[in-house]
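Subject: Structure handover

Hello,

Here is the structure I said I would pass on. Please open it first, then read the notes below it.

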Amino acid sequence: MRFDVLTIFPEMFEAITQYGVTSRAFSKEILHLKTWNPRDFTSDPRKTVDDRAYGGGPGMVMMVGPLEDALQAVQEDIASSSAMKKGPTVLMSPQGRVFNQDLAKEMSQLEQITFVCGRYEAVDQRFIERHVDFELSIGDYVVSGGELPALVVMDSLIRLMPNVLGDANSAQQDSFSDGLLDCPHYTRPENYKNFLVPGVLLGGHHGRIESWRRNESLIATQKSRPDLILAARKKGLLSLKDEKVLQEYLETLASGLNK
Ligand code: ADE
């Protein structure tokens, strides 16, 4: 897989190329990342990439020219250096479709993705209309540029790539991978200031541990994200046993409230 990133802050991408499990994908060369700075595609001495908005108003707008030329360079680089076909151009933007694990799974199948990281107030609409395949948001809030959102998206795609995570199963065990939140986890010591690890985890009984984890997952999801329980139910991901666990949990909750 290959990521190309249009950004005026290329150093920020060292966060995934140099650190933690994501850096493994780069050192193993199963993944390549190339940054393209729109400032390198300007012709004025100040390397201007933004200007005031037509019609007035606060904030600057990223100019179409340097972005378009940078994207053209990506296209040429891919065409000249590999048999790879260029994938979608994705603009990180709070106006975009909201990213989630299903979309992560879909995007992780792509061979190449170009991320465009906006800065300033906006990106000239002509760039979006001419070149962007889709806009992608990491949530209903605004951060100062597309770099952090692109890093979030890339990190989640990298986790799904084969041979990146140490334990072959750990991506499958992540929160959301089965539509539910993750269960609680514990490590040594067994007794920390009289706060004990749940006994079932110490017993070595595989079936019981699995069942405890599933139940805890269901309860954690019902507590924090009841919308995910509804979605899982709609997708047919909940068994009769799951439904019973949820029902019992809701009944205990209700009886507690009635006391
Ligand atoms: N740029 C600014 N805020 C963003 C968000 N929430 N998602 C993606 N890109 C952004």
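A place to start is S156, which lies in helix α6. Keep in mind that the model is predicted.

Is S156 buried or exposed? The relative accessible area of S156 is 14%. Buried means under 20%, so S156 counts as buried. Leaving out neighbours within four places in sequence, S156 is in contact with two residues that you can look up, F99 and A104.

The nonpolar cores

Helix α6 also matters for the next point. The largest nonpolar core has 26 residues, and F3, M107, F115 and L157 have the most contacts inside it. At least two residues of this core come from each of β1 (2-6), α2 (20-27), β5, α4 (101-107), β6 (112-117) and α6 (147-159). Which of them gives the largest share? That is α6, with six residues. As background, nonpolar side chains in soluble globular proteins tend to be buried together.

To see one member of this core in place, select F3. Not counting residues up to four places away in sequence, F3 touches L31, H32, L33 and K34, and also I113, F115, M154, L157 and I158. Two of these names, F115 and L157, appeared above among the residues with the most contacts inside the core.

There is another core, apart from this one, with 19 residues. Among them are I8, A70, L71 and V116.

The ligand

The other thing to look at is the ligand. The residues around it are M92, S93, P94, L136, S137, I138, G139, Y141, V142, V143, G145 and P149. By class, this shell has eight nonpolar residues, four polar ones and no charged ones. Two strands, β5 (89-98) and β8 (134-137), each supply at least two residues of the shell. The most comes from β5, with three residues.

Which polar backbone atoms should you check against the nitrogen atoms of the ligand? One belongs to I138, at 3.0 Å from a ligand nitrogen. Another belongs to V143, where the distance to a ligand nitrogen is 3.1 Å. For G139, a backbone N or O atom lies 3.2 Å from a nitrogen atom of the ligand.

How much of the ligand does the protein cover? On its own, the ligand has 260 Å² of accessible area, and the protein covers 96% of that.

Regards

Methods: Residues numbered from 1 in each chain as written. Predicted model: local features only at pLDDT ≥ 70, side-chain atom pairs only at ≥ 80, totals over all residues. Heavy atoms only, no water. Near = heavy atom within 4 Å. Polar contact = N/O pair within 3.5 Å; in protein donor to acceptor, adjacent residues only side chain to side chain. Areas by Shrake-Rupley, 256 points an atom, 1.4 Å probe, with all protein chains shown as cover. Helix = DSSP H or I, 4+ residues; strand = E, 2+ residues; numbered from the N terminus. Nonpolar A, V, L, I, M, F, W, Y, C, P; charged D, E, K, R; others polar. Core = buried A, V, L, I, M, F, W, Y, C linked by side-chain atoms within 4.5 Å. Buried < 20%, exposed > 50% of the residue type's maximum accessible area, 1.4 Å probe, protein only. Contact = heavy atoms within 4.5 Å.
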